[in-house]
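Reader: Could you take me through the charged side chains of this model and how they pair? I would like a close look at that part, with a few words on what else deserves attention.

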Amino acid sequence: MSSETDKLDAETGRRVVAEGVDEEPTAGNRRLYQGWRLYLAGGFAALYAAWHVYTLNIAPMETWAFRITHVLGALVLGFLLFAAAGFPRERANGLRLQWSLATLCALPIAYALLRVILMHQDLQAGARAISAEIEIWHFGLPLLAGATLALFGSWFTRCSQSRLSPFDLVLILAALASSGYLLVHLDGTSLRMRAGTPFATPGNLYASLVGVLLILELTRRVAGLALVIIAAIFVGYAFAGPWLPGFLAHQGFDLQRFFSYVYTDAGILGPTTAVSSTYIILFIIFAAFLQASKVGDYFVNFAFALAGRARGGPAKVAIFASGLMGMINGTSAGNVVATGSLTIPLMKRIGYPAKSAGAVEAAASTGGQIMPPIMGAGAFIMAEITGIPYTDIAVAAIIPAILYFASVYFMVDFEAGKLGMRGMRDDELPRLREMAKQVFLFLPIIILIAALFMGYSVIRAGTLAMAAAAVVSWLTPHRMGPKALYRAFEMGGSMSVQIIAVCACAGVIVGVISLTGVGARFSSLLLALAEDSQLLAMAFAMLISILLGMGMPTTAAYAVAASVVAPGLVQLGIQPLTAHFFVFYFAVVSAITPPVALASYAAAGISGGNPMETSVTSFKIGLAAFIVPFMFFYNPALLFDGSTAEILRALVTATAGVVLLSGGVQGYFLTRSVNLILRVGLIVAALCMIEGGWITDLIGIAIAVATLGAQRFLSRARA
């Protein structure tokens, strides 16, 4: 075990299995400031997070102004914290030249920002509009030129990890100028009326264009190139429409109309940013409060005390801990890094191959995204897009989450039995009795759930849960005083940058889909396929959702798939909740679907296993997630749409089905290995029970009983 694992708890004298597992992972391009720079960046992050809590609960802002400011704050914080690339091993040279070149880039942007201030004064004095000449030559072109040069400068220069690149400082200035223009004209003129129309002004074009460039650059820094490339393809599609064939063709759009449209509530400021600026950032801050109060450590230690003794113990701990942590984490890969750094080495220690250890953690961490009540962030976006109450979505997710984790649990259990693995010894684990004494640390989650079902808004419930996390910390050695509260807000602000950038970038894609109407044409294609087979249409929707999600964070994957795929499923006559859950599940499991499986690759980096082998194994372990959406499509009772008897029968038979499926896939059931013929029998029985009808359930039970009887007979014959 690691040295951290071997630390002794001063109170109990037992080994501490988990400590600091929920600390924020540090990306390779994340700056690590020291001294006054640390306080400056940390102070801005804490202020940014606290501003959201204050605005959402006490002093609401006008909607567009709030969302523009929300994105602006993320851009400023993102360029403060994340470099354009890695850092030099030795002290960087040429800093004086960098500052000189950055100053040249900053001069036109500073002039554009000055013009924004003057525009505001003119509009306040009663001017009806700003002349096109001023907007082009005195604002737009200087801003675009300076921002573009600063972008190139940030790509081709390096600074030490403890310093801010001068070019990033220029990009922050550009963000202030572009967002400032939008805020000024939001209050002073009819920006909402002209944006996205032929009447959009040149200034609107340049402010939006620079804003989109900055969002794409920040997304590249915090989430990689995959989402940026997809967004760029969609942007290119908006202009290439007249030359495309078939249902992809459209009339095309000019620059002014397109970019001014994208930076509205139909695009960047639309549903994705609406959710990131309210529910998501609030729950990220809540997660930071749980970290500051060390509740995350307690979750993992509790899971060790509960499941560590079972065969394959660390793998089962990974399932419980990753489910608890993943629902508040927001990203599958981030959850892998947080909990996998502890569970993966322990799995390897008791005999799991590297690929299996990584795969278990990847599958479990991915499942955290479908675990109610928080479900990463997907439930909030689903509520925003569909208009379905959040509590209804959380309730509907209960049985599918049970099925997913039951499948992963028994996949792990049967593999452990097949490999003859043991659990962990008592002296390696925390005492369950000691853990039970601190069960009050679950209170923030309980208060969150109770507040939601008592009718409180999601924002109010999240704020109450946040306050509860601070209060319960006073019953532990990790009391949250002023320093801990500051640290929680600082972590919340820093952790929110990635998901805000991703949501804003996804908003670009959503805006293209809305403007070009490609979503409606895709819906027509699904309807045409459904004339031959509804199952074929569902399979096609599944493949598109997975393809759109490959290489993308869960939130962005669902937001894009919901715009492209879900409307077509609704037109097929499928209930909106079922359609969006169908899309959501496949967007989530894209994180463990080869060939591009972000969660599996992150796990392979920790386990030392082959990334592709790890992704294939995690795909096998999470196989139920690829079947569950079809289950609730054919049997709505799994989404609590039916009588109590129907829901209970569906739960029991579907759970039995995924257990049988796990045995068939692993070639091991209960306590014995099974041969190929019996494996086929288990899989057939599972599929029959998964379908949901009385006849198929009875057939499945009969096949399962026959298979178990044959298994017992063969084992006795061998004896």
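**Salt bridges and their surroundings**

Author: Happily! Searching the whole structure turns up seven salt bridges, a salt bridge being a side-chain nitrogen of Lys or Arg within 4 Å of a carboxyl oxygen of Asp or Glu. Side chains of opposite charge can pair when their charged atoms come close. Please keep in mind that this is a predicted model, in which local features need pLDDT of at least 70 and side-chain atom pairs count only at pLDDT 80 or more, while totals for chains, interfaces and linings use all residues. Residues are numbered from 1 along each chain as its sequence is written, and side-chain values use heavy atoms, with hydrogens and water left out.

Let's begin with D168 and R31, whose side chains form a salt bridge with an N to O distance of 2.4 Å. D168 belongs to helix α5 (residues 166-188) and R31 to the segment before α1 (35-57), so this pair ties together parts that are 137 residues apart in sequence. Helices here are DSSP runs of H or I with at least four residues, numbered from the N terminus (strands are E runs of at least two). Both D168 and R31 are buried. The scale behind that word is relative accessible area with a 1.4 Å probe and protein chains only: buried is under 20%, exposed is over 50%, and partly exposed is in between.

R31 repays a longer look. Its relative accessibility is 4%, which is why R31 counts as buried. Its side chain has a polar contact with the side chain of D168 at 2.4 Å, and the R31 side chain also reaches the backbone oxygen of L80 at 3.3 Å. A polar contact is a pair of N or O atoms within 3.5 Å; within protein, one atom must be able to donate a hydrogen and the other to accept it, and residues adjacent in sequence count only if both atoms are side-chain atoms. Setting aside neighbours within four places in sequence, the residues in contact with R31 include F79, L80, L81, F82, A83 and F87, and also Q161, R163, L164, S165 and D168. Contact here means heavy atoms within 4.5 Å.

Next come two pairs that each sit within one helix. E217 and R220 meet in a salt bridge at 3.0 Å, N to O. Both lie in helix α7 (residues 202-223), three residues apart, or about one turn of the helix. E217 is buried because its relative accessible area is 4%, whereas R220, at 22%, counts as partly exposed.

In helix α21 there is another such pair: E490 and R487 join in a salt bridge with an N to O distance of 2.9 Å. The two are three residues apart in α21 (residues 482-516), so about one helical turn separates them. With 13% relative accessible area, E490 is buried, while R487, with 36%, is partly exposed. Salt bridges with shared partners also link R31, D168, E217, R220 and R221 into one network.

One more acidic residue is worth a stop. D413 lies in helix α17 and, at 10% relative accessibility, counts as buried. Leaving out residues up to four places away in sequence, D413 touches R311 and K316. Its C-alpha atom is 26 Å from that of P595, and the two residues are 182 residues apart along the chain.

An arginine follows in the loop between α17 (398-419) and α18 (432-437): this is R431. R431 counts as partly exposed, with 37% relative accessibility. The C-alpha atoms of R431 and A315 are 19 Å apart, with these positions 116 residues apart along the chain.

What about cysteines? The structure holds zero disulfides, where a disulfide would need a pair of cysteine sulfur atoms within 2.5 Å. For C159, the nearest cysteine sulfur is that of C105, 14 Å away. C159 is buried at 7% relative accessibility, and C688 is buried at 17%.

For contrast with all this charge, finish at helix α19 (residues 443-453), which gives the most to a nonpolar patch, with three residues. L443 has its place in that helix and, at 34% relative accessibility, is partly exposed.
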